[in-house]
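Work through these exercises with the structure open beside you. Try each task before you read its solution.

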Amino acid sequence: MEEPGIRLNKYLSEAGVCSRREADRLVEAGRVTVDGKTAVMGQRVDTGRQVCLDGKPVGEKERPVLLLVNKPAGIVCTTAEFRGEKNIVDLVRYPIRLYPVGRLDKESEGLILMTNQGDLMNKILRPGNAHEKEYLVEVNRPVTAGFLEAMRRGVPILGTVTAPCQAEKTGQKSFRMVLTQGLNRQIRRMCEYFDYRVTGLKRVRIMHFTLDGIATGGYREATEAELSELSRLLTGSGKGPEPLRRNKDDRRRK
């Protein structure tokens, strides 16, 4: 017979604290308590229990927030603290506790979304949704037509073959790429497979959200129009992948 209540990670997600995956990390780190006792993985909670994160009661929903952040290189996309490293929360210093939706590796820059809506994070990150993410990539040697065609077809990395994607040349040693996956360091690993080394990587779009008008290290809240479009896409009423878009950031570094 199943215990009463709901799983703690789901409770934290529905309270707008973070995604379920992040909730599990918080529990493992000992930062969550239930009725004053340190929570354990897989624990269930029901009505009347007091759940706290870092000693602060959870349950009263804050104003929903979705930020577009232009992450500089050198910033870690995590809420955890590491000695000598600045994370995305430290960069933004928003008055409400927010969590990054997905990741950009430390060396990469560009667009990342942050929110306090756990359910929204789960929907955006769900692999089956295949949402587009667009990147500007610079490499250490000339980009060839054969290299781009091979990248489009799929590359064997991490025990799988990457899904077909879009890629087009933008300069002698640069190209634009649109992915619908989020494998660990995917673009870098794909390039390494063909003996290319990434020297610059910038994400300029996630779905319909772009970097336009956001300075490096800056952020803005999503507009009502953007939130409305997000809702439409997440309810499955979208019309499929869009063609490559031209962005103001489509410029090679000097």
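**Exercise 1. Describe how well strand S9 is covered, and find its pairing partners.**

Solution. Start with cover. Strand S9 spans residues 109–115, and seven of its seven residues are buried. This is a predicted model, so keep that in mind throughout.

Next, take the partners in turn.
- Strand S7 (residues 66–71) pairs with S9 in the antiparallel sense, over six bridges. Within this pair, Lys 71 has Gly 110 as its bridge partner.
- S8 is also antiparallel to S9, with three bridges. Here Pro 100 stands opposite Met 114.
- S15 runs parallel to S9, and two bridges join them. Glu 109 of S9 faces Lys 202 of S15.

A general point helps here: strands of a sheet pair through backbone hydrogen bonds, either parallel or antiparallel.

**Exercise 2. Decide whether Arg 203 is buried or exposed, and list what surrounds it.**

Solution. First, place the residue: Arg 203 lies in strand S15.

Second, apply the cut-off. Buried means under 20% relative accessible area. Arg 203 has 3%, so Arg 203 is buried.

Third, look for neighbours from elsewhere in the chain. Leave aside residues within four places in sequence. Arg 203 is then in contact with Arg 103, Leu 104, Glu 109, Gly 110, Leu 111, Ile 112, Lys 133, Glu 134, Tyr 135 and Leu 211.

Fourth, check two distances. Ile 112 is 91 residues from Arg 203 along the chain, yet their C-alpha atoms are separated by 8.1 Å. The side chain of Arg 203 also reaches the backbone oxygen of Leu 111, at 2.8 Å.

**Exercise 3. Find the buried residues of helix H6 and the elements they pack against.**

Solution. Helix H6 covers residues 186–193. Its buried residues are Gln 186, Ile 187, Arg 188, Met 190 and Cys 191.

An α-helix has 3.6 residues a turn, so residues three or four places apart point the same way. Try that spacing on the list above.

Now find the packing partners. Three lie before H6 as strands: S10 (133–139), S11 (156–157) and S14 (174–179). Helix H5 (145–153) and strand S15 (198–206) complete the set.

Finally, step past the helix. Asp 195 follows H6 and has a positive phi, near 65°.

**Exercise 4. Locate the largest pocket and say which elements line it.**

Solution. Begin with its volume: about 1,300 Å³ of space lies in the largest pocket. Its lining has 44 residues. Nearest the centre are Arg 21, Gly 102, Arg 103, Leu 125 and Gly 182.

Then turn to the elements. At least two lining residues come from each of helix H2 (20–28), strand S8 (99–101), helix H4 (118–125), S10, H6 and S15.

**Exercise 5. Work out the strand order of the open four-stranded sheet, and name its edges.**

Solution. The order is S3-S2-S5-S6, and the pairing is antiparallel. The edges are S3 (37–38) and S6 (56–57), since each pairs on one side only.

Zoom in on one pair. S2 (residues 32–34) and S3 run antiparallel and are joined by two bridges. Thr 33 stands opposite Thr 38 in S3.

**Exercise 6. Give the overall picture of the protein chain: how many helices and strands are there?**

Solution. Count the elements: seven helices and 17 strands. Consider cover: of 254 residues, 46% count as buried. Then consider contacts between residues at least 6 apart in sequence: 66% of them join residues at least 24 apart. Last comes the surface: about 13,700 Å² is exposed, with 49% supplied by carbon and sulfur atoms.

Key
Residues are numbered from 1 along each chain as its sequence is written. This is a predicted model: local features need pLDDT of at least 70, side-chain atom pairs count only at pLDDT 80 or more; totals for chains, interfaces and linings use all residues. Side-chain values use heavy atoms; hydrogens and water are left out. Buried means under 20% relative accessible area, exposed over 50%, partly exposed in between (1.4 Å probe, protein chains only). Contact means heavy atoms within 4.5 Å. A polar contact is a pair of N or O atoms within 3.5 Å; within protein, one must be able to donate a hydrogen and the other to accept it, and residues adjacent in sequence count only if both atoms are side-chain atoms. Two strands pair if DSSP finds at least two bridges between them. Accessible areas come from the Shrake-Rupley method with a 1.4 Å probe; for residues, only the protein chains shown count as cover. On a 1 Å grid over the protein atoms alone, a cavity is a set of points where a 1.4 Å probe fits but cannot get out, and a pocket is an open set with protein on both sides within 12 Å along at least five of seven lines; lining residues have an atom within 4 Å of a point. Grid points are joined across faces, edges and corners, and a volume is the space filled by probe spheres set on the points.
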